[in-house]
Amino acid sequence: MGGGRPDLLCSADRNEGALVTGFEVKAEAGDWLKGLSQARRYRAGVHHSYLALPGKHADIERNASAIAREVGVGILVFENNTWHRLLKPADPMPLPWTLGPTASALEGVPLARQLQLNHPLNYLVVPYLAATLRSGHSLFEELESRWPDLGSAATRRHAIVGGAATLHLIDEF
């Protein structure tokens, strides 16, 4: 991940979905800058990244917190035989649990039948379906079979011609 390997990698199942966390562990408090640089690189491949090291809570906070906060890395400090979370890592963008409903909607799963014709999602689904068009199917057929919110031929035509094509989201159909 980012040209390196975390010392510890784990996945935690949550109601919102699984989150992957990477940890860079240092044996000496003085290695905080190197460890922070390594933990920062892992952010591209995990939801949360932590630097874990021994030391005095106050010393590490003074030396590393500002940089860690800026790069989105959390800090765990081992002091008096106990781990303390000094700094929580930044949340991933986009938040994983917000993607599920969006992905389902783009796949045509009937989440909300109350969508109005001019709803932007009706236009955005057109380029998605165009990019994943099955062989031998037209865009109109794909909309009909995979996006039932557009129930009539007229609403499907409007989504393609009046929406996606007008907004230059697709070139041809």
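This is a short tour of some strands and helices, to be followed in the viewer one selection at a time. Please keep in mind throughout that the model is predicted.

Begin by selecting residues 48-54, which form strand E3, together with residues 74-79, which form strand E4, and you will have a pair of strands that run in the parallel sense and are joined over five bridges. To see how the two line up, show the side chain of Leu53, which stands opposite Val77 in E4.

Next, add residues 57-71, which are helix H2. With E3 and E4 still displayed, this helix completes a β-α-β unit, and the unit is right-handed.

Now keep E4 and select strand E5, residues 82-87, which pairs with E4 over five bridges, here in the antiparallel sense. Within this pair, look for Phe78, which stands opposite Trp83 in E5. E4 and E5 form a hairpin with two residues between them, and if you select Asn80 in the turn, you will be looking at a residue whose phi is positive, at about 55°.

Finally, return to H2 and add helix H1, residues 32-42, which packs with H2 at an angle of about 10°, the two axes lying 11 Å apart. Because angles under 35 degrees count as roughly parallel, H1 is described as roughly parallel to H2. To display the contact itself, select Trp32, Leu36 and Arg40 of H1, and then Asn63, Ala64, Ile67, Ala68 and Val71 of H2. If you colour these residues by character, six come out as nonpolar, one as polar and one as charged.

Note on methods
Residues are numbered from 1 along each chain as its sequence is written. This is a predicted model: local features need pLDDT of at least 70, side-chain atom pairs count only at pLDDT 80 or more; totals for chains, interfaces and linings use all residues. Side-chain values use heavy atoms; hydrogens and water are left out. Two strands pair if DSSP finds at least two bridges between them. Helices (H or I, at least four residues) and strands (E, at least two) are DSSP runs, numbered from the N terminus. A crossover is right-handed if, with the strands pointing away from the viewer, the path from the first strand over the helix to the second runs clockwise. Axes are lines fitted to C-alpha atoms, for helices over the stretch in contact, and angles run from 0 to 180 degrees between N-to-C directions. Angles under 35 degrees count as roughly parallel, over 145 as roughly antiparallel, 65 to 115 as roughly perpendicular and the rest as oblique. Contact means heavy atoms within 4.5 Å. Ala, Val, Leu, Ile, Met, Phe, Trp, Tyr, Cys and Pro count as nonpolar, Asp, Glu, Lys and Arg as charged, and the others, Gly among them, as polar.
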